[in-house]
Amino acid sequence: MSPRLQVILASLILFIGVGTGAFGAHGLRQHVGPDMLATWQTAVLYQLVHGLGLLGLAMLYERYGGALLRSAGVVMLAGTVIFSGSLYVLVLSNQKWLGAITPIGGLAFLVAWGMTALAAYRQAK
């Protein structure tokens with residue numbers, strides 16, 4: 001994924017994150033219990049954090065470059081969709097089995113951050 005595409009996708013993730021956060025705070029509160037609202041807020045938090053992470057990866061590409069950072073961006077994007085997406089759908093549908101998918105997104109986050117560290121380490125040599 002090119003740095004330009006990462007900036008575009010990161011901006012869209014952040015845009016949607018702000019919208020879903022507002023929806024949770026103002027529109028969802030009357031329809032779900034506190035536990036599900038907390039789950040929604042977790043999804044929003046991780047979406048916003050990793051949207052910024054994806055934006056940061058695009059900026060780091062100028063310094064560290066390489067296929068590893070491009071791949072880290074793809075993995076981080078996938079993690080965001082899987083982690084936050086599964087939690088959003090869980091809250092809206094009350095399908096508890098979706099909670100089993102969420103850790104796959106968390107694992108993708110860990111892999112993406114590890115790839116980022118490895119890309120920086122390799123550049124320092």
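How many helices and how many strands does the protein have? I looked this up before anything else and found 4 helices and 0 strands, where helices (H or I, at least four residues) and strands (E, at least two) are DSSP runs numbered from the N terminus.

**Ground rules.** I note that this is a predicted model, in which local features need pLDDT of at least 70 and side-chain atom pairs count only at pLDDT 80 or more, while totals for chains, interfaces and linings use all residues. Residues are numbered from 1 along each chain as its sequence is written, and side-chain values use heavy atoms, with hydrogens and water left out.

**Overall.** Reading along the sequence, I recorded the pattern α-α-α-α, and for the C-alpha trace I found spans of about 55 × 25 × 20 Å along the principal axes. Of the 125 residues in the protein, 37% are buried, a word I use for a relative accessible area under 20%, with exposed meaning over 50% and partly exposed in between (1.4 Å probe, protein chains only). I then looked at contacts, meaning heavy atoms within 4.5 Å, and found that among those between residues at least 6 apart in sequence, 74% join residues at least 24 apart.

**H1 against H2.** Helix H1 (residues 3-28) packs on H2 at an angle of about 160°, and their axes are 8 Å apart; the axes are lines fitted to C-alpha atoms, for helices over the stretch in contact, and angles run from 0 to 180 degrees between N-to-C directions. That angle makes H1 roughly antiparallel to H2, since I count angles under 35 degrees as roughly parallel, over 145 as roughly antiparallel, 65 to 115 as roughly perpendicular and the rest as oblique. H1 passes H2 in a left-handed crossing, which is the term if the near helix is turned anticlockwise from the far one by less than a right angle, clockwise being right-handed. I sorted the residues of the contact of H1 with H2 by class and noted 20 nonpolar, 7 polar and no charged, with Ala, Val, Leu, Ile, Met, Phe, Trp, Tyr, Cys and Pro counting as nonpolar, Asp, Glu, Lys and Arg as charged, and the others, Gly among them, as polar.

**H2 against H3.** The axes of H2 and H3 come within 9 Å and cross at roughly 170°, which makes H2 roughly antiparallel to H3. In the contact of H2 with H3 I noted 19 nonpolar, 8 polar and 1 charged residues.

**H1 against H3.** For H1 and H3 I found axes that come within 12 Å and cross at roughly 20°, which makes H1 roughly parallel to H3. The crossing of H1 and H3 is left-handed. On the H1 side the residues that meet H3 include Ile13, Thr20, Phe23 and Leu28, and on the H3 side those that meet H1 include Leu77, Thr80, Tyr88 and Val91. By class, the contact of H1 with H3 has 10 nonpolar, 4 polar and 1 charged residues.

**Cores.** Which residues touch the most other members of the largest nonpolar core? Of its 14 residues, I listed Leu28, Val32, Met36, Trp40, Tyr88, Leu90 and Val91, a nonpolar core being a set of buried Ala, Val, Leu, Ile, Met, Phe, Trp, Tyr and Cys residues joined through side-chain atoms within 4.5 Å. H2 and helix H3 (67-93) each supply at least two residues of this core. Apart from it lies another core, of 10 residues, among them Ile13, Leu57, Met76 and Met115. Leaving out residues up to four places away in sequence, Leu28 touches Phe23, Leu37, Trp40, Val91 and Leu92.

**Single residues.** Is Gln47 buried or exposed? Gln47, in helix H2 (residues 34-64), counts as buried because its relative accessibility is 5%. Beyond four places in sequence, Gln47 touches Ile13, Ile16, Gly17, Thr20, Thr80, Ser84 and Tyr88.

Thr42 also lies in helix H2, but with a relative accessible area of 33% it is partly exposed. Outside its neighbours within four places in sequence, Thr42 is in contact with Phe83 and Leu87, and its C-alpha atom is separated by 9.6 Å from that of Tyr88, 46 residues apart along the chain.

I turned last to Thr102 in helix H4 (residues 102-124), which at 7% relative accessibility counts as buried. With residues up to four places away in sequence set aside, Thr102 touches Phe83, Ser86 and Leu87. Thr102 and Ala43 are 59 residues apart in sequence, and I found them 9.7 Å apart in space, C-alpha to C-alpha.
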